[in-house]
Amino acid sequence: MDHEHAIIIAIELSRSTWLVAARLPGVEKPRFHKIGAGDTAALVSYLSSLQTRVLARTGAAPALYCCFEAGRDGFWLHRFLTTHGIANHVIEPTSILINRRARRAKTDRLDAEGMLRVLAAHLQGDRRACSMVRVPTPDEEDAKRIHREREHLVQERLRIENRIQALLFTQGIYKRPSLRSWDRDLAAVRTGDGRELAHHLRAELDRLRRRLVMTLELIREVEAERDEAANANPKDQACGKIARLCLIRGVGANFAAVLTREVFYRSFDNRRQLASYVGITPMPYQSGGMDRDRRISRAGNPRARTTMIQLAWLWLRYQPGSDLAKWFRDRVGTLTGRTRRIAIVAMARKLLIALWRYAEDGVVPAGADIRAEAATAA
């Protein structure tokens, strides 16, 4: 495809209006047009008018290449444009190369012009100009909602528990009443100076208890939905990977779902691509006689990265005889603090690669234990 004779479109999305920037073939100066946010009919009409203009001038129907930045609007616009036969790219905003020489002006017009430049460079083969987001299918995107909702609910539960504990601490009470015997425990509790709980404090604690109980019920409901989705179609590739990961001791249903839905649903050519996607690869620093690795990039999926580091700590507890646990003990020994934290990230990277190979090809991590019920079934 001759990209020099194509129309390049960049859409700067905002809450109220969209700014559409277009670069026509043979015209250096871009054209700008504003439409209402979400007005897809006006967008398609404007793109058609650009094609008609170029067709009348050159006698050939030009191709359309469109782009916008990934953000709050999600991927519905990408799917809409693709359905209408328009080649669209979703740009990762933080990957765009910028000039660090001085302060930069920030306007929608300048941002749209910048997207036009990086899309043109990308179409010409410059893959370092920016990174394009791999847009998930609607089913892949929807499958992620269960464990993400559970994550938010767990955070809400922790916030409520901490609030209850903080309110009790202010009265010299260091033991939280049980949810099962809340009224009895709260009636018997006394402040540090021997008083009963004040009326409004008691009312606030009761409201927090109701919120906590509701949050716990929602967590159980979401977990049941997660398990039902994982077992709904055993022949499904993602469900098979989740079931396979759950066979390893120390890998629970939530860890398996997060790793599969966030990472293993994609295809990777090698382990470097996998670690780079999660963001746990060390960043090299070489200048003159200095050549060393700096901290990890943290440029990948933050949810998967957090999950892997949590799983690495649990792996030491539940898989002490595995080769990875032995490697960690030999490397760290009795050291604590920063050295131990650095080593656990390195182990998380090795563990991620081992679990990827196991999920894809069935290669069990060296020395890892399989759950007793799985071994019995085999």
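Is glutamate 360 buried, partly exposed or exposed, and what is its relative accessibility? Glutamate 360 comes out as partly exposed, at 33% relative accessibility. Bear in mind that this is a predicted model. Some notes from going through it:

1. Glutamate 360 and its partner. Glutamate 360 pairs up with lysine 241 in a salt bridge, and the closest N and O atoms sit 2.7 Å apart. Glutamate 360 belongs to helix H13 (residues 338-361) and lysine 241 to helix H8 (residues 237-246), so this salt bridge ties together parts that are 119 residues apart in sequence. Lysine 241 counts as buried, because its relative accessibility is 7% and the cut-off for buried is under 20%. So here we have a buried lysine 241 bridged to a partly exposed glutamate 360.

2. Salt bridges in general. Searching the whole structure turns up 18 salt bridges. Some of them join into a network, with Arg79, Glu141, Asp142 and Arg145 linked together. If you want a cluster of charges to look at in the viewer, those four residues are a place to go.

3. H5 to H7, through arginine 150. The side chains of arginine 150 and glutamate 223 form a salt bridge, at 2.9 Å from N to O. Arginine 150 is in helix H5 and glutamate 223 is in helix H7, so the pair ties together parts 73 residues apart in sequence. Glutamate 223 has a relative accessible area of 23%, which means it is partly exposed.

4. H5 to H7 again, through glutamate 156. Glutamate 156 makes a salt bridge with arginine 211, where the closest N and O atoms are 3.0 Å apart. This pair also links distant parts of the chain, glutamate 156 being in helix H5 and arginine 211 in helix H7, 55 residues apart. Both ends are partly exposed: glutamate 156 has a relative accessible area of 21%, and arginine 211 is at 45%.

5. Threonine 215. What does this residue of helix H7 (residues 199-232) touch? Leaving aside residues up to four places away in sequence, threonine 215 is in contact with Leu153, Glu156, Arg157 and Ile160. Glu156 is thus a contact of threonine 215 as well as the salt-bridge partner of arginine 211. Threonine 215 itself is buried, with a relative accessible area of 6%.

6. H5 against H9. Two packed helices are described by the angle between their axes and the distance between the axes. For helix H5 (residues 145-169) and helix H9 (residues 253-264), the axes come within 9 Å and cross at roughly 125°. That makes H5 oblique to H9, and the crossing is left-handed. On the H5 side the contact is made by His147, Arg148 and Arg150, and on the H9 side by Asn254, Ala257, Val258, Arg261 and Glu262. By class, that gives two nonpolar, two polar and four charged residues. Notice that Arg150 takes part in this contact and also in the salt bridge to glutamate 223.

7. Histidine 122. Is this residue of helix H3 (residues 108-123) buried or exposed? Histidine 122 counts as buried, at 11% relative accessibility. Not counting residues up to four places away in sequence, histidine 122 touches His89, Arg127 and Met132.

Notes. Residues are numbered from 1 along each chain as its sequence is written. This is a predicted model: local features need pLDDT of at least 70, side-chain atom pairs count only at pLDDT 80 or more; totals for chains, interfaces and linings use all residues. Side-chain values use heavy atoms; hydrogens and water are left out. Axes are lines fitted to C-alpha atoms, for helices over the stretch in contact, and angles run from 0 to 180 degrees between N-to-C directions. Helices (H or I, at least four residues) and strands (E, at least two) are DSSP runs, numbered from the N terminus. Angles under 35 degrees count as roughly parallel, over 145 as roughly antiparallel, 65 to 115 as roughly perpendicular and the rest as oblique. A crossing is left-handed if the near helix is turned anticlockwise from the far one by less than a right angle, and right-handed if clockwise. Contact means heavy atoms within 4.5 Å. Ala, Val, Leu, Ile, Met, Phe, Trp, Tyr, Cys and Pro count as nonpolar, Asp, Glu, Lys and Arg as charged, and the others, Gly among them, as polar. Buried means under 20% relative accessible area, exposed over 50%, partly exposed in between (1.4 Å probe, protein chains only).
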